[in-house]
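The following exercises ask the reader to work from a model to reasoned statements about burial, packing and pairing. Each task is followed by a solution in steps.

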Amino acid sequence: MRPLRDLMSRVTAWENLLLAYRKARRGKSGQTAIQQFGLDLEWELVDIRQDLLQRTYRPGLFRQFQVRDRKTRLISAAPFRDRVVHHALMNVVEPLIDRRFIFDSYASRRGKGVHAAVRRYQVWAKRYPYALKLDIKRYFDSIDHDRLKAKLARHIADPEVLWLFGTIIDHSPAPLNPNLVAEPHEDLVDLMLRRCGLPLGNLTSQFFGNLYLDPLDHYIKEDLQARAYLRYVDDLVLLADNKNRLWQWCAAIERFLAAERLAVHPRKKSLFRVCRGQDILGYQVFPGFVRLSRGSGYQFRRRLQRLAAGYGRWRIDLGTVQTRVAGWLGHVRQADAQGLSSSILDRVYFQRGEPPRRSPGGSRGFVEQQPTEPAFGQPQQEQAR
């Protein structure tokens with residue numbers, strides 16, 4: 001496996017920077033910052049290119065906010081200029097390193113994803129009676145910066161690209177609650193000085209998450225000889241013919257992770273019979289069929305009711321509603337949940353309320369504004385299901 005060389009010239013090529021801009025703005029072209037960037041596009045891209053070639057590039061400040069999806073997560077959104085740099089870097093580097101990953105790593109890879117991982121698990125569930133499921137405790141918050149840079153250096157021999165990766169890693173915001181695993185020679189001071197943690201929501205963080213555990217993937221597949229093994233970011237699933245072998249693999253994996261300064265979550269380590277079904281990446285998976293995980297239908301019904309309320313108050317348009325519903329239906333189609341989806345959609349109606357009124361001159365006077373959108377579902381009235 002030869003290290004990759006002469007990559008920065010490809011990263012800073014005009015065609016690659018322009019492609020990176022188009023990818024970064026996809027689905028977000030209405031944002032003010034992106035529109036301002038596009039007004040001076042040539043100057044902005046030339047400025048990025050000069051900063052990268054002269055090593056004067058410095059990432060901007062993150063915009064941080066929390067989202068709630070089964071658990072609270074802190075999302076760190078990079079400025080648009082930095083997102084263009086991330087895409088330019090990943091356009092060149094990721095395809096070259098991705099081919100070195102194992103086949104059964106499914107997160108943030110072309111042709112992979114949650115649905116492919118669930119189908120792969122179900123095929124194995126028909127062959128093996130037992131499965132072991134592991135989750136790494138606070139994975140992204142625990143990724144060690146020095147070890148991550150060393151892993152990148154094993155694949156890349158271009159000093160300019162390694163500098164850029166190092167700059168992006170060093171500007172990561174500090175995690176709120178890092179999970180620091182001490183090594184035998186370390187004391188409390190060493191732990192306090194250790195830099196760790198990657199921001200959720202960054203394109204580069206997804207790639208780093210796959211790269212950091214790639215040695216573990218090869219260890220499980222090649223050294224432990226676990227044929228039925230898959231990983232999705234920090235979720236690990238192994239299947240085998242007997243329990244003892246799975247527990248032996250579990251102990252070996254925990255020792256390997258300790259050397260990488262990571263730890264298995266003690267409450268998310270479970271060994272089970274596959275015939276009883278198990279929550280795999282948001283689905284309740286059995287050998288012969290797949291269901292939605294518990295509470296998924298209730299969560300979407302509440303989300304749909306909020307969408308209906310926003311639509312009725314003219315805060316969102318019909319296209320937004322259709323996009324959200326289509327996304328959930330794509331998730332549902334992977335499971336045996338036709339009746340559930342019909343019962344949820346049949347009970348939530350979208351109806352416009354009183355349209356907003358605004359004077360032509362922008363004053364505080366009001367002039368009634370007529371609806372301009374077509375009805376959703378019922379053409380004769382502003383009501384939709």
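**Exercise 1.** In this predicted model, determine which elements the buried residues of helix 11 pack against, and describe how far helix 11 is covered.

*Solution.*
Step 1. The buried residues of helix 11 pack against five other helices and a strand, namely helix 5 (80–98), helix 7 (139–142), helix 8 (145–155), helix 9 (159–170), helix 12 (214–223) and strand 4 (228–232).
Step 2. Helix 11 spans residues 203–212, and eight of its 10 residues are buried. Among them are Phe-207, Phe-208, Leu-211 and Tyr-212.
Step 3. A residue counts as buried when its relative accessible area is under 20%. By that criterion helix 11 is mostly covered.

**Exercise 2.** Identify the residues with the most contacts inside the largest nonpolar core, and examine the surroundings of Phe-207.

*Solution.*
Step 1. The largest nonpolar core has 69 residues, and Phe-165, Phe-207 and Ile-220 have the most contacts inside it.
Step 2. Helix 5 provides the largest share of this core, with 10 residues.
Step 3. Leaving aside residues up to four places away in sequence, Phe-207 touches Met-90, Val-93, Glu-94, Ile-97, Phe-101, Leu-152 and Phe-165.
Step 4. Another core, of 22 residues, lies apart from the largest one; its members include Ala-116, Ala-131, Leu-239 and Leu-292.
Step 5. A general tendency provides the context: in soluble globular proteins, nonpolar side chains tend to be buried together.

**Exercise 3.** State the order of the strands in the open sheet of three strands, and explain why strand 7 and strand 9 stand at its edges.

*Solution.*
Step 1. The order is 7-8-9, with antiparallel pairing.
Step 2. Strand 7 (278–280) and strand 9 (290–292) each have a single partner strand, so one side of each lacks a neighbour in the sheet.
Step 3. From one strand to the next, the twist averages 40°.
Step 4. Strand 8 (residues 283–285) is joined to strand 9 by three bridges. Opposite Tyr-283 stands Leu-292 in strand 9.
Step 5. Helix 6 (residues 114–125) lies across strand 7, strand 8 and strand 9, and runs at about 15° to strand 8.

**Exercise 4.** Decide whether Cys-196 is buried or exposed, and find how many disulfides the structure contains.

*Solution.*
Step 1. Cys-196 has a relative accessible area of 9%, and therefore counts as buried.
Step 2. Cys-275, at 47% relative accessibility, is partly exposed.
Step 3. A search of the whole structure finds zero disulfides.

Notes. Residues numbered from 1 in each chain as written. Predicted model: local features only at pLDDT ≥ 70, side-chain atom pairs only at ≥ 80, totals over all residues. Heavy atoms only, no water. Disulfide = S-S within 2.5 Å. Buried < 20%, exposed > 50% of the residue type's maximum accessible area, 1.4 Å probe, protein only. Helix = DSSP H or I, 4+ residues; strand = E, 2+ residues; numbered from the N terminus. Contact = heavy atoms within 4.5 Å. Core = buried A, V, L, I, M, F, W, Y, C linked by side-chain atoms within 4.5 Å. Pairing = 2+ DSSP bridges. Axes fitted to C-alpha atoms, helices over the stretch in contact; angles between N-to-C directions.
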